[in-house]
Amino acid sequence: MPGGRKRPAPAPFAGFSTFARSLLFSPASGFSRLPLPAAKPQQETAGMPPPPLSKRAKLAELPSDDEELPSSDGESDTDSSRSDGDSSSSDGDDASQETDTVQADFAFFDPKPSDFHGVRLLLKTYLDSKPWDLTGFVDLILEQTTVGTVVKMAEDEEDGVEEEANGSDGGDNEDLFGLITVLNLGRYGENRCIKDLKDYLLGVCADKDTKKKLRALLEEKASTVGLLVCRRFVNFPYEMVPKMYDSLFDEVSWATEDEPTQELQDSFRFKQYLLVVRIFERKTPPKQKSKGNKDYDEPVIYSKLEDEIFRELSSWSFTFPIRAEQSAQQELKNYREMGLVMCVKAEAIPKFRKKLEALVSE
């Protein structure tokens with residue numbers, strides 16, 4: 001990141017319904033096995049100094065007003081508040097509560113080679129269960145450092161910097177919580193992983209008219225199309241999601257001016273973005289509207305809140321069945337997991353950013 005370009009801290013996050021929280025921790029996401037780091041005393045994490053930053057490291061700390069990161073067991077923050085407020089709780093209950101939540105500082109950093117296994121884990125189910133050049137795809141993401149961000153614990157990155165300073169490469173870092181990047185489909189079109197991805201998308205698109213649009217996007221228009229990839233674990237703090245997208249789109253804009261050659265600058269002048277995400281579609285219409293849990297009657301449930309906005313703003317989209325093992329979670333028994341491919345014009349991105357910020361700030 002060019003010097004002096006900084007972003008404000010993210011706005012406090014209001015939270016989600018109980019059902020939304022249960023969905024976020026669904027095994028169907030493929031991300032439910034992320035081990036959380038050990039909890040630290042609040043006074044330590046609240047006052048943690050920022051780590052030594054790389055040329056474009058972007059610090060993005062959680063708000064310091066006692067916000068806590070939910071653990072992968074799916075318990076809500078309201079449960080934690082009730083437990084903390086109960087003076088009759090035993091020491092054993094307090095100890096149990098400490099293992100349920102963790103408060104931490106996060107930071108945005110450029111991708112680097114030691115992030116390989118962490119990025120690969122995040123992308124493991126990106127193209128369903130299809131065998132493809134995932135390793136090559138990860139390599140492309142790590143090689144493009146001017147546009148793209150990985151989210152880590154701030155203290156983990158600080159430890160890695162110290163190890164590098166001591167002559168160690170720090171090993172492979174699997175403790176990534178999020179990833180966002182965009183790859184030019186024309187620039188990288190000859191890479192095997194991008195060819196695999198194009199073949200896969202054309203293969204799962206059933207509608208003939210939509211397939212024509214998709215093929216044009218992947219072939220004739222590829223040089224102006226960006227493949228937007230955003231992956232994160234279920235226990236990623238949602239108040240940081242707008243900052244991830246702000247970081248990405250700001251970097252895209254800066255790259256059109258700061259890249260060393262005109263060819264590279266032009267490769268970031270995207271006219272359209274292509275997204276491949278997951279949703280849950282209801283198998284059959286509900287027989288009777290549920291008064292207590294309206295969420296269960298929704299025809300479509302979005303695993304990531306921003307995907308509903310992208311779909312609303314998209315020029316066209318299509319869905320396709322996911323063939324990997326489906327979730328056995330009781331709340332999702334009437335739903336099936338589907339892939340969703342969307343084409344969003346670059347001119348719609350400012351509206352997307354405003355809508356996302358408003359949604360998270362509600």
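Among the contacts in the protein chain that join residues at least 6 apart in sequence, 83% are between residues at least 24 apart. The model in which these contacts are counted is a predicted one. Its protein chain has 13 helices and 11 strands, and of its 362 residues 51% count as buried.

A good place to enter the fold is helix 6. This helix covers residues 134-143, and it is mostly covered, since seven of its 10 residues are buried. The buried ones are Leu134, Gly136, Phe137, Val138, Leu140, Ile141 and Leu142, and they pack against two helices and two strands, namely helix 5 (116-122), helix 8 (192-204), strand 6 (176-184) and strand 7 (225-232).

Two residues of helix 6 show how its surroundings vary along its length. Ile141, which is found in helix 6, counts as buried because its relative accessibility is 0%, where anything under 20% qualifies. Leaving out residues up to four places away in sequence, Ile141 touches Pro111, Leu123, Leu179, Thr181 and Leu183. Its C-alpha atom is separated by 8.7 Å from that of Val119, although Ile141 and Val119 are 22 residues apart along the chain.

Thr135 also has its place in helix 6, but with a relative accessible area of 33% this residue is partly exposed. Apart from neighbours within four places in sequence, Thr135 is in contact with Phe116 and Arg120. Val119 serves as a reference point here too: Thr135 lies 16 residues from Val119 in sequence, and the C-alpha atoms of Thr135 and Val119 are 9.8 Å apart in space.

The chain reaches helix 6 by way of a loop that follows helix 5, and Asp128 is located in this loop between the two helices. The phi angle of Asp128 is near 60°, a positive value in a residue other than glycine. For comparison, most residues other than glycine have a negative phi. Asp128 is buried, because its relative accessible area of 9% falls under the 20% limit.

Another aspartate, Asp196, lies in helix 8, one of the elements against which the buried residues of helix 6 pack. Asp196 is likewise buried, with a relative accessible area of 16%. Its contacts, not counting residues up to four places away in sequence, are with Lys130, Trp132 and Asp133.

From these elements the path leads to the interior. In soluble globular proteins, nonpolar side chains tend to be buried together. Here the largest nonpolar core has 45 residues, and those with the most contacts inside it are Leu123, Tyr126, Phe137, Leu214 and Leu274. Phe137 is one of the buried residues of helix 6, and Leu123 is one of the residues that Ile141 touches. As for Leu274, its contacts beyond four places in sequence include Leu185, Leu201, Leu214, Val225, Leu228, Val341 and Met342. Apart from this core lies another, of 41 residues, among them Val182, Phe249, Ala348 and Val360.

Val360 brings the reader to the pairing of helix 12 and helix 13, as it is one of the residues of helix 13 that meet helix 12. Two packed helices are described by the angle between their axes and the distance between the axes. The axes of helix 12 (residues 305-313) and helix 13 (residues 349-361) come within 10 Å and cross at roughly 145°, and the crossing is right-handed. On the side of helix 12 the residues involved are Leu305, Glu306, Ile309, Phe310, Glu312 and Leu313, while helix 13 contributes Ile349, Lys351, Phe352, Lys355, Leu356, Leu359 and Val360. By class, this contact has nine nonpolar, four charged and no polar residues.

The buried residues of helix 12 are Leu305, Glu306, Asp307, Ile309, Phe310 and Leu313. Besides helix 13, they pack against helix 10 (241-258) and against several strands, which are strand 7, strand 8 (272-282), strand 9 (300-302) and strand 11 (335-345). Strand 7 therefore appears in the surroundings of both helix 6 and helix 12.

Finally, there is the matter of the cysteines. Cys193 counts as buried at 1% relative accessibility, and Cys205 counts as buried at 2%. A search of the whole structure finds zero disulfides.

Conventions. Residues are numbered from 1 along each chain as its sequence is written. This is a predicted model: local features need pLDDT of at least 70, side-chain atom pairs count only at pLDDT 80 or more; totals for chains, interfaces and linings use all residues. Side-chain values use heavy atoms; hydrogens and water are left out. Helices (H or I, at least four residues) and strands (E, at least two) are DSSP runs, numbered from the N terminus. Buried means under 20% relative accessible area, exposed over 50%, partly exposed in between (1.4 Å probe, protein chains only). Contact means heavy atoms within 4.5 Å. A nonpolar core is a set of buried Ala, Val, Leu, Ile, Met, Phe, Trp, Tyr and Cys residues joined through side-chain atoms within 4.5 Å. Axes are lines fitted to C-alpha atoms, for helices over the stretch in contact, and angles run from 0 to 180 degrees between N-to-C directions. A crossing is left-handed if the near helix is turned anticlockwise from the far one by less than a right angle, and right-handed if clockwise. Ala, Val, Leu, Ile, Met, Phe, Trp, Tyr, Cys and Pro count as nonpolar, Asp, Glu, Lys and Arg as charged, and the others, Gly among them, as polar. A disulfide is a pair of cysteine sulfur atoms within 2.5 Å.
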